[in-house]
Amino acid sequence: MPDTILFLDIDGCLTRGKFARYDLATLQTLEQLVQQSPTEVVLCTGRSLSYIEALAQIVRFGRYAITDQGALLYDYLNDDVIPAPQMTPAVRERTQQMSQYLAAHKNSLDVHWEMSHGKEACLSLVAEKGKTAEDVYAVVTANLNTDGFDLHCSGRALDIAPHGVNKWTGVQHFLHHTGREAASLRLAAIGDSQGDLPILSRVDFAACPANAVDIIKDLCHYVSPEAEIYGVLDIYRRHFA
């Protein structure tokens, strides 16, 4: 059987989302299972590099993590950040300009938002209570030139990433950097939201916890009856341990 690499989302899988407390005991149980298994685990998240560095102080599942929706690859061992090929100097400069504009106008337009902290390669805007990501999308696109960037809505969060950057391109960047070919591997992924579609729709084995949105459940090979970290633990025990 070919070597297996499992790409694992964080929000909705390892945690309940922003500001939610970690279930440390269950995370550590999963970490022990990963350490005893031949399956290589790579975190694959929209979260920032700084978030991943902090999480690594609690648990660590492997050497690498794909962050910022696929824009950055982090090597824990060498403390090295490898930008995806799409992250050219011009793209990074434009991202910084957009970040400055959105930060300056977060409370001055028809819809207010907060910006996720620590992000460098992509941006995330969280709508004020009572508003949706679609509300933020309408205001942002009416006031800012977003050519060359993809905007994705999920709940109250609007994610803005350079065109062509997603979790699957992040996987391709990881494979290229580590000198491996997808055809010689068994690729697997666990996710719960639409941001995981690019990767879940392409891997050899896709799974999700019970809290996943319907479009994700419909394409997965296995849907756990358990939610969030408990679902991930169930999936890992059944298919990777």
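Here a biologist and a modeller talk through the salt bridges and the cavity of this predicted model.

Modeller: Quick ground rules: this is a predicted model, where local features need pLDDT of at least 70, side-chain atom pairs count only at pLDDT 80 or more, and totals for chains, interfaces and linings use all residues. Residues are numbered from 1 along each chain as its sequence is written, and side-chain values use heavy atoms, with hydrogens and water left out.

Biologist: Why is the contact of Arg47 and Asp11 called a salt bridge?

Modeller: The term needs a side-chain nitrogen of Lys or Arg within 4 Å of a carboxyl oxygen of Asp or Glu. For Arg47 and Asp11 the N to O distance is 2.8 Å, so the pair fits the rule. By that rule the count comes to 8 salt bridges.

Biologist: What makes Arg47 and Asp11 a pair that ties parts together?

Modeller: Arg47 lies in the loop between strand E2 (40-44) and helix H2 (49-55), and Asp11 in the loop between strand E1 (4-8) and helix H1 (24-36), so the pair ties together parts that are 36 residues apart in sequence. Helices (H or I, at least four residues) and strands (E, at least two) are DSSP runs, numbered from the N terminus.

Biologist: How do you know whether Arg47 counts as buried or exposed?

Modeller: Buried means under 20% relative accessible area, exposed over 50%, and partly exposed in between (1.4 Å probe, protein chains only). Arg47 has 16%, so Arg47 counts as buried. Asp11, at 24%, counts as partly exposed.

Biologist: And what makes Arg180 and Glu40 a salt bridge?

Modeller: Their closest N and O atoms are 2.8 Å apart. Arg180 lies in the loop between helix H5 (167-177) and strand E10 (186-190) and Glu40 in strand E2, so this pair ties together parts 140 residues apart in sequence. Arg180 is partly exposed at 26%, and Glu40 is partly exposed at 24%.

Biologist: How do you know what counts as a cavity?

Modeller: On a 1 Å grid over the protein atoms alone, a cavity is a set of points where a 1.4 Å probe fits but cannot get out. The count comes to 1 cavity of 30 Å³ or more. The largest cavity has a volume of about 40 Å³, volume being the space filled by probe spheres set on the points.

Biologist: Which residues line the largest cavity?

Modeller: Lining residues have an atom within 4 Å of a point; among them are Phe7, Asp9, Lys167 and Asp196.

Technical notes
On a 1 Å grid over the protein atoms alone, a cavity is a set of points where a 1.4 Å probe fits but cannot get out, and a pocket is an open set with protein on both sides within 12 Å along at least five of seven lines; lining residues have an atom within 4 Å of a point.
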